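Take a walk through this model, from its helix packing to a few residues with unusual backbone angles. Keep the coordinates open as you read.

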Amino acid sequence: MAKILILFHLLSVFSSPVINTGEHQDYEFYHQQVIKAETLIASENYSEALLLYEQLFNDYNFIFLREYQVASQLALYANDIQKSLEYIKQGVISGWKIKSIKKNEYLTALFKDEGWKSIEMEYPKLQQQYESKLNQNIREQVKQMYAKDQKKALKALFRFSSKAQDKYAEHKFAPHSEHQMAKFSAILESKGYPGEKLIGNSTWMSTILSHHNSISADYNQKDTIYPALQPRLMDAIKKGQMSPYEYIVIDDWYRTVTYDRKEVTYGVLDPPSSSDLSKTNELREKIFVRPYELRDKLMASQEKTGMNFYLSDRWY
């Protein structure tokens, strides 16, 4: 099936959000503040950006890993080594692997510091702390779903014509995918979206959903499963269970395949034309994702400073 891919994986800017202190906090505001921080980074206002991240750390119970990754470097840029190390430590507790930390060349200056050596010694305990926050049963279930999905999708690559791929997708992959969607729906209903917060992985489930949305245009136009899931996914974003960057990948597949690239998309699979850019940004704004051009500005900031803003993931 031609469309299925193997997917591997300011108010003032400093104002405090009006959030709930209970289990469900307002993550719409959270993601809007992250975009404000990124805009400040792009304009080289690094200290102001760091203050925004710190406000989020104070106000929210769950923080997406990427925020700690960026903040640790902004703190180091400000020459606040203690703060940088604290954010690295919090990043480890949020799933940041030591191998990934050591690959970040900007952080190299910290690796001789006693504080870093302390983190290295504590790493197994910090990792255990991270693992204890995850739902291991759901994690294993989704991991197995992902493995089955990859195996099934791989078979599409051995159908060499578009027609043969679509036939395989609609007659062989679709029944499998519908079974996967039923399992996912049950997890979503009982435990919430199985992403970074719940299972420590933000690609397994989004890949499965993207595969479902890339079966074929004919299938998508008749499909009732994904349209029924959309409002529940939006709710998961608002609760902080799902990153909006996961959602736009999933929905970009749906829009691209269903409308055969004739409708405006989020610009994930294909860059928008100049005439579509404003409409693309409108779509992105509604889902709390940075404007399309901001990523280019952040990449320029990376080049200038040597920092890594972790923009290489496929949904960034």
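Contact here means heavy atoms within 4.5 Å. The model is a predicted one.

Start with helix H4, residues 81–93. Its buried residues pack against H2, H3, H5 and H6. The buried set in H4 comprises Ser 84, Leu 85, Tyr 87, Ile 88, Gly 91, Val 92 and Ile 93. The geometry of H4 can be checked too. At 1.5 Å a residue, its 13 residues should span 18 Å. The C-alpha atoms at its ends are 18 Å apart, so the two values agree. After H4 comes Gly 95, with a positive phi near 110°.

H4 also feeds the largest nonpolar core. That core has 48 residues. Within it, Ile 41, Tyr 53 and Leu 74 have the most contacts. At least two core residues come from each of H1 (27–42), H2 (46–59), H3 (65–77), H4 (81–93), H5 (98–103), H6 (114–133) and H15 (292–305). H1 is the biggest contributor to this core, giving eight residues.

Look at Ile 41 more closely. Neighbours within four places in sequence are set aside here. Ile 41 then touches Tyr 46, Ala 49, Tyr 53, Val 70, Leu 74, Leu 298, Ser 301 and Phe 309. Two of the other residues with the most contacts in the core, Tyr 53 and Leu 74, are thus among the partners of Ile 41. A separate core lies apart from this one and has 32 residues. Val 142, Leu 188, Met 205 and Tyr 254 are among its members.

Now turn to a helix pair. Two packed helices are described by the angle between their axes and the distance between the axes. For H10 (residues 204–213) and H13 (residues 244–258), the axes come within 8 Å and cross at roughly 10°. Angles under 35 degrees count as roughly parallel, and H10 and H13 are therefore roughly parallel to each other. H10 brings Ser 206, Leu 209, Ser 210 and Asn 213 to the contact. H13 brings Glu 246, Val 249, Ile 250, Trp 253, Tyr 254 and Val 257. By type, the residues of this contact divide into six nonpolar, three polar and one charged.

Stay on H13 for Asp 251, which lies in this helix. Is Asp 251 buried or exposed? Its relative accessibility is 2%, so it counts as buried. Beyond its neighbours within four places in sequence, Asp 251 contacts Tyr 226, Gln 230 and Tyr 266.

Asn 281 is a second buried residue to inspect, with a relative accessible area of 16%. Asn 281 belongs to helix H14, residues 277–286. Leaving out neighbours within four places in sequence, Asn 281 meets Pro 291, Tyr 292 and Glu 293. Its C-alpha atom is 8.9 Å from that of Gly 267, and the two residues are 14 apart along the chain.

Finish with the backbone. Glu 44 is not a glycine, yet its phi is positive, about 70°. Glu 44 sits in the loop between H1 and H2. Its relative accessible area is 42%, so it is partly exposed. Tyr 310 is not a glycine either, and its phi is positive at about 55°. Tyr 310 is placed in the segment after H15. With a relative accessible area of 13%, Tyr 310 is buried.

How values were computed. Residues are numbered from 1 along each chain as its sequence is written. This is a predicted model: local features need pLDDT of at least 70, side-chain atom pairs count only at pLDDT 80 or more; totals for chains, interfaces and linings use all residues. Side-chain values use heavy atoms; hydrogens and water are left out. A nonpolar core is a set of buried Ala, Val, Leu, Ile, Met, Phe, Trp, Tyr and Cys residues joined through side-chain atoms within 4.5 Å. Buried means under 20% relative accessible area, exposed over 50%, partly exposed in between (1.4 Å probe, protein chains only). Helices (H or I, at least four residues) and strands (E, at least two) are DSSP runs, numbered from the N terminus. The expected span of a helix is 1.5 Å times one less than its number of residues. Axes are lines fitted to C-alpha atoms, for helices over the stretch in contact, and angles run from 0 to 180 degrees between N-to-C directions. Angles under 35 degrees count as roughly parallel, over 145 as roughly antiparallel, 65 to 115 as roughly perpendicular and the rest as oblique. Ala, Val, Leu, Ile, Met, Phe, Trp, Tyr, Cys and Pro count as nonpolar, Asp, Glu, Lys and Arg as charged, and the others, Gly among them, as polar.
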